[in-house]
Amino acid sequence: MKHLHRTASLGVALALFAALTPALADSTATIGGLVNKGLVGVGRIPAAQRDKFGETFGSGSGMSIDTASWTRDAGGYKGSLWLLPDRGYNVVGTTDYRPRLNTIGIEFTPAAPGTAPAAGQEQTGVKATLADTMLLTDDKGADATGLDPLNGVRAASGDMPILPEASGKLALDNEAIARLPDGTMFISDEYGPNIYRFSADGHLLSATQPPAALVPMRHGAPNFASDNPGPGAAEPDPKDPDTGRQNNQGLEGMAMTPDGKFLIAVLQSAPRQDGGDSASTRQNTRALVYDASDLAHLKLAHEYVVPLPVFKDAKGKTKIAAQSEIVALSDQAFLMLARDSGNGQGVKGDTSLVRQIFVVDVSAATDIAGGAFDAADKPLAPKGVLDPSVTPAKLTPFIDINDSAELGRFGLHNGAPNDKNNLSEKWEAMSVVSVLDPKLPDDYFLFVANDNDFLAQDGFQIGAPYKAEDGADVDTMFLVYQVTLPGLAKK
């Protein structure tokens, strides 16, 4: 798909909308021509699902729809998508889970915007079927692992930078995927936090390390541990990095621009030295925009500060929502999913305060790529206070996933009772595909999926059964919104 260069007008429209909009977008928000027409479909993959290797299925950390397979007929839509799980079931600690990618067959019968499906069919609009599972391996074809890379650093070799390693294996905590037309794919991770390029059959081709400001450092050296030690392993010293990405706050969101020229990756929250050491000061995260003209050698072209949403929790404490995924609209605008933590089916809290998709506009933001703030010893936002020389990106609310009326039409809710119809905690995957309607050339389906954390009552991984705590049995779910995204498919 090609995009129309209209970022200047989009920026003006966003600024106007931001001045007029309430704190939360309603179900029919319009932003600079972007329109949310509302929720039109819901579907599930049961928590009990097992993959091709007989292990409990867990997906939704990243998603990429195969647009070439997407078709429409009188009965609805058919196609497939790729779902990327993270490092496996790891409630107590990380395990030697082999990183993988799942292929999902999709049959989709959307409801008309604003309407409710027939009784008993509220959550059957998306029929998702596991079709295949492919392992991801290192550049020599050896198994990778989900284990926490405690003090594990693979030496740089050739074009490969230093890489996280555990038990002699490449350590991956995968979070986002951008699948390319030739079948190769970019995958971002938490540990590095790196961007990896894999072949169509799943072996590592190249890796890109972020600026030094994002690389986790302990005692003056790179250390990729995330304080989730595997069986018998010690905790890192110190527990948290001195500088760089915070534990488990890596490159959570990533997407290719529609013209294929740029790859955008966004850190889940601020680096340690920029306030990332506190839940109340981690607001100023970063968007990295890479020139993708040479797929094997990504080049950092632009870098911007993205201010994450600030909110008050149920006890009145200031909190910062985590960035969970993006969809690129151009090299200067993207959709960003942000959410709170600790609330939803499968965890103790029941009512989420923030699950929201924003439009992020960087057209007027300061480009800090290659500057002093890319070094680990030059804080961009000490204790969370942004340097006055830097103008951050602008955020505008677009879709409120917690919208009670929208959820209610499909038999879902946000809050008590904390049952299977309460949205789960982690919504971390997004991808768009055309509605294939000549009368609505700018309309798309925005698929949003959760990461169910492999929470199941009859789970099985690494050769052993398990049962998630407190009876948690969380399905992988899809929410589908119909949205208007002007210019996305135009030159």
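In the predicted model, Leu-298 contacts Phe-186, Ile-195, Thr-208, Leu-263, Tyr-290, Asp-291 and Ala-292, when residues up to four places away in sequence are left out of the count. Leu-298 lies in the loop that links β18 (284–291) to β19 (299–307). Its relative accessibility is 12%, and because this value is under the 20% limit, Leu-298 is classed as buried. A further leucine, Leu-267, is separated from Leu-298 by 31 residues in sequence, with a C-alpha to C-alpha distance of 17 Å.

At the level of the whole protein, the secondary structure consists of two helices and 30 strands. Among contacts between residues at least 6 apart in sequence, 67% connect residues at least 24 apart. Burial was assessed over the entire chain as well: 60% of the 491 residues are counted as buried.

The overall dimensions were then examined. Along the principal axes, the C-alpha atoms occupy a box of roughly 60 × 55 × 50 Å. The radius of gyration is 21 Å, in agreement with the value near 23 Å expected for a compact globule of 491 residues.

With regard to the surface, the protein exposes about 17900 Å², of which carbon and sulfur atoms contribute 54%. The protein carries 42 positive and 60 negative charges, and the mean positions of these two sets are 2 Å apart.

Methods:
Residues are numbered from 1 along each chain as its sequence is written. This is a predicted model: local features need pLDDT of at least 70, side-chain atom pairs count only at pLDDT 80 or more; totals for chains, interfaces and linings use all residues. Side-chain values use heavy atoms; hydrogens and water are left out. Helices (H or I, at least four residues) and strands (E, at least two) are DSSP runs, numbered from the N terminus. The radius of gyration is taken over C-alpha atoms; the globule rule is 2.2 Å times the number of residues to the power 0.38. Buried means under 20% relative accessible area, exposed over 50%, partly exposed in between (1.4 Å probe, protein chains only). Contact means heavy atoms within 4.5 Å. Accessible areas come from the Shrake-Rupley method with a 1.4 Å probe; for residues, only the protein chains shown count as cover. Lys and Arg count as positive and Asp and Glu as negative; His and the chain ends are not counted. The place of a charge is taken as NZ of Lys, CZ of Arg, CG of Asp or CD of Glu.
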